Amino acid sequence: SHSRSHPNFRDLPESLRIAELVESRQEIERHLGRAPDLFGIPYGSSRDWDAECGRLALSAGYSAVFAQSENKRPEGTIGRSFVTRYDRLHHFRALLQGRFDAWEEWV
C-alpha cells in the first residue's frame, strides 16, 4: 500500500494519517481480496515519517514500512531503492553498490 491519496504524512493530523493508512488497505483488499501488509511511505524521505506514523501503520495492520534512503531512513523502517525506465545499466550497478544509500528524492 502507498496511502489513499499520496499525501505527505508529515503535514497530516493523526485522524487523517489513520484514514490514509486504513482506507488504502481496505481499498486494495476490496479489489484483490487480500489486504496488503507492506506500506511504502509517500515521498519516502526521512522528514516525512515520524515515530507516531510508524505506530499508526502497525496498528492499521502493516508489518513493515519502506522508506527511501537506506542511510537516512526513519527508525523502524526498511530502506528501499527504485529503478525507473530512465535508468541505465550504470545507474543500476551504482544502486547495487550502495552509491545511493544516502540519497533522498524530494529533499
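Two rings of Phe, Tyr or Trp, the last taken by its six-membered ring, are counted as an aromatic pair if their centres lie within 6.5 Å. In the structure described here, which is a predicted model, a search of the whole structure finds 5 such aromatic pairs. One of them is formed by Phe-9 and Trp-49, whose ring centres are 5.2 Å apart and whose planes stand at 55°, so that the pair is described as tilted. Phe-9 belongs to the segment before helix α1 (14-32), while Trp-49 belongs to the loop between strand β1 (38-40) and helix α2 (51-59), and the pair therefore ties together parts that are 40 residues apart in sequence. Both of these residues, Phe-9 and Trp-49, are buried.

Another pair is made by Phe-100 and Trp-103, with ring centres 6.4 Å apart and planes at 70°, so this pair is edge-to-face. The assignment follows from the angle, because planes over 60 degrees apart count as edge-to-face, whereas planes under 30 degrees apart count as stacked and the rest as tilted. Phe-100 is partly exposed, with a relative accessibility of 32%, and Trp-103 is likewise partly exposed, with a relative accessible area of 42%.

Beyond single pairs, one aromatic cluster is formed by Phe-9, Phe-39, Trp-49 and Tyr-62. A charged group is also found at one member of this cluster, since the charged end of Arg-25 sits over the ring of Tyr-62, at 5.6 Å from the ring centre.

The strands of the model form an open sheet of 3 strands in the order β1-β2-β3, with parallel pairing. Because β1 and β3 stand at the edges and have a single partner strand each, one side of each is left without a neighbour in the sheet. Strand β1 runs parallel to strand β2 (residues 64-67), and 3 bridges join the two; within this pairing, Leu-38 stands opposite Ala-64 in β2. Between these strands the chain passes from β1 through α2 to β2, and the resulting β-α-β crossover is right-handed. On the other side of the pairing order, β2 is joined by 2 bridges to strand β3 (residues 78-79), again in a parallel arrangement, and the bridge partner of Phe-66 in β3 is Ile-78.The loop between β2 and β3 contains Thr-77, which counts as buried because its relative accessibility is 4% and the limit for a buried residue is under 20%. The side chain of Thr-77 reaches the backbone oxygen of Pro-74 at a distance of 2.6 Å. When its neighbours within four places in sequence are left aside, Thr-77 is in contact with Ile-41, Trp-49, Val-65 and Ala-67. Trp-49 thus appears both in the contacts of Thr-77 and in the aromatic cluster with Phe-9, Phe-39 and Tyr-62.

The segment before α1 also holds two residues with a backbone angle that deserves a separate description. Ser-3, placed in this segment, has a phi near 100°, which is a positive value in a residue other than glycine. His-6, which lies in the segment before α1 as well, has a phi near 55°, also a positive value in a residue other than glycine. With regard to accessibility, Ser-3 counts as buried at 12%, whereas His-6 counts as partly exposed at 32%.

Helix α1 itself includes Glu-14, a partly exposed residue with a relative accessible area of 41%. Apart from its neighbours within four places in sequence, Glu-14 is in contact with Glu-52, Arg-55 and Leu-56. A further description of the position of Glu-14 is given by Glu-105, which is 91 residues away in sequence and 25 Å away in space, C-alpha to C-alpha.

Note on methods
Residues numbered from 1 in each chain as written. Predicted model: local features only at pLDDT ≥ 70, side-chain atom pairs only at ≥ 80, totals over all residues. Heavy atoms only, no water. Helix = DSSP H or I, 4+ residues; strand = E, 2+ residues; numbered from the N terminus. Buried < 20%, exposed > 50% of the residue type's maximum accessible area, 1.4 Å probe, protein only. Lys NZ or Arg CZ within 6 Å of the ring centre and 35° of its normal. Pairing = 2+ DSSP bridges. Right-handed = clockwise from strand over helix to strand, strands pointing away. Polar contact = N/O pair within 3.5 Å; in protein donor to acceptor, adjacent residues only side chain to side chain. Contact = heavy atoms within 4.5 Å.
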